[in-house]
Amino acid sequence: MLDTILRRVQKPARYAGGEWNAVVKDWDRTPLKMAFCFPDVYEVGMSYPGLHIIYQLANGHEGVLCERVFAPWPDMEGELRKAGLPLFSLESGRSLAEFDLVAFTLQYELTFTNILNMLDLGKIPLLAAGRDSHSPLVIAGGPCAFNPEPLAPFFDAFVLGEGEEVLPEILAACLAVSGRAKRLARLGRIPGVYLPAAYAVSYREDGRIASVTPREGAPAVVTKRVLRDLDAHLPPLRPVVPSTGVVHDRATLEVFRGCTHGCRFCQAGMIYRPVRERSLPRLLEASGELLRATGQDEISLVSLSTTDYSNIRPLLRGILDEWGERGVNVSLPSLRVDAFAVDLAREARRVRGASLTFAPEAGTQRLRDVINKGVSEDDLLTAVAAAFAAGWHAVKLFFMDAAPTETEEDLAGIVELVRKVVEAGRRAQVPPGRLKVTASVSSFVPKAHTPFQWEPQDDRASLMAKQAYLRERLRFRHAAFSWHDPEASFLEAALARGDRRLAEVIRLAWAKGCRFDGWSEWFRPDLWEDAFRQTGLSATWYAHKRYDYGDVLPWDHLSSGVARSFLVMEHRRAMQGLTTADCRAGACAGCGLCPALAVQPVTLPQEG
Ligand code: SF4
């Protein structure tokens, strides 16, 4: 039956499994079965480094098997439903309901309807309260677990923090006892594990939260878990090699974790603190093992800001000395806005002509100071001049519009900056037929646990108007404009700031047919609007509400370790246009995380 189905769908390799380095354990002899679920399509999920970390970690445990499950593309969903077949894992073809532990990663709010779809197709009751003793435990981690409230009724537990630190304890707890209830009770005793059913939320008449009350035995605040010594944990050295083209088709090596630049809109910069680097010898050894085990001809050095790594140049040279002649390319996905980063990119690349990407984020220095983006116009123009001089012809610039305090002058600044970069290309005598400067613009989305968590998003009309303004003015020669759909950013903001009442909206949107909301070809804002209307809730209220410091936020009982007082101070400094320095290079900025979680930043001495 499955063979027949696979012949009818696009890209059957998405569901076939059997890839190089896939781990297939003996189902009958392994006591604990875990499904790692990625709520997007195979090509996206296989490009996510966290999948390979969890897969290696769980399968490295003798008593555990871990298999992958991805969201089926709508054609596959149709076929499964028509045939009455459940959603299944790639390794053994077992249905989701046969596993003991079903673990999702929550990377992006616009995958939430896919989660419901996967549970439904996997024959698991959507609501945790509706599951019986035979149902698996459904848990989730990842950045959206720092405000998982809109998903609260669908999950038994959420995990705050890093998998390497907490997953072994979860697996040990599940191996120690059997039965859903006993296991859940054990999970509730693990620091960093949040059981949403153990908290009662009440609301005020105006819609704001009145209180979040833990039931007996539950902690008042659940705090994230953090890995103190990243270097003691090997990165995944035998990742599964995709058997079809994926978004990032290369080996990936995580050089450090955390970023303390302190951009005030950036959730990752707050929830993954502090910076912890891996050592150079460890990374050089790992790169060799990774390339040998995968046969890939490209290795990507990943982190939130890779060119900040203390030993980036010796690392790059070390890999290229060993592997460059064998045709291996090194990629640096996130470039700092400076000439040093361009120089590194020049050393790393094999192929001329691809574009370089920088993220100035805002068009004026005033607004860059508000968002604490420590980049000046000079930095950018020096970096692009270096890029053009080194032979690049195309540059991509990431901007965020509608940031707090933005005015028309800031939007005009984006246009002006693009003009200046085009001018730099002309001065560097880039052939006119090849010079291209793309401004890629997305709208500000206020995120939980950031200094901008209290800020409203602009209303929808204003988001549209701002994008139209830029589209109209970025029409000059050599300039190009690309944008992220403001409708999608609006929904993202509503869900990112949402509370438990939104669960019913998500369920209704899914029931009406919403899937793959992050994909423009599938996104149906009209169905979401219907779902909001039907529940009497307003997406606008959630996205555009300005919170007061005294308000109870839906995620206040969950802690990233960064003190709320620091977020308030950063928010106030933003409104005054004051910047805060990166603690990586010097003084502690006092975010409170290190003393609260007994951790230290780890930056290593420069070598070579
Ligand atoms: S406590 Fe200080 S050193 Fe640690 S992450 Fe926060 S600002 Fe940096």
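Mentor: Before we start, buried means under 20% relative accessible area. Keep in mind that this is a predicted model.

Trainee: Okay, let's try that on a helix. Which residues in H14 are buried?

Mentor: Leu380, Ala383, Val384, Ala387 and Phe388. Viewed down the axis of H14, these buried residues fall within an arc of 135°, so they line one face of the helix.

Trainee: And which residues are exposed on the other side of H14?

Mentor: That's where you find Asp378 and Ala389.

Trainee: What covers the buried residues of H14?

Mentor: The cover includes two helices, H12 (339-348) and H15 (408-427), along with strands S15 (356-361) and S16 (394-401).

Trainee: How do I check the length of H14 against its residue count?

Mentor: Work from 1.5 Å a residue: the 13 residues of H14 (377-389) should span 18 Å, and the end C-alpha atoms are 18 Å apart, which agrees. Then look just after H14, where Gly391 has a positive phi of about 110°.

Trainee: Now a loop residue. Where does Thr30 lie?

Mentor: Thr30 sits in the loop that runs between helix H2 (13-16) and strand S1 (32-38).

Trainee: Is Thr30 buried or exposed?

Mentor: Use the cut-off we began with, under 20%. Thr30 has 6% relative accessibility, so it counts as buried.

Trainee: What is Thr30 in contact with, leaving aside neighbours within four places in sequence?

Mentor: Lys25, Glu62, Gly63, Val64 and Leu65. Closer along the chain, look at Asp26 too: its backbone oxygen is 2.6 Å from a polar atom of the Thr30 side chain.

Methods
Residues numbered from 1 in each chain as written. Predicted model: local features only at pLDDT ≥ 70, side-chain atom pairs only at ≥ 80, totals over all residues. Heavy atoms only, no water. Helix = DSSP H or I, 4+ residues; strand = E, 2+ residues; numbered from the N terminus. Buried < 20%, exposed > 50% of the residue type's maximum accessible area, 1.4 Å probe, protein only. Polar contact = N/O pair within 3.5 Å; in protein donor to acceptor, adjacent residues only side chain to side chain. Contact = heavy atoms within 4.5 Å. Expected span 1.5 Å × (residues − 1). Arc of directions from axis to C-beta.
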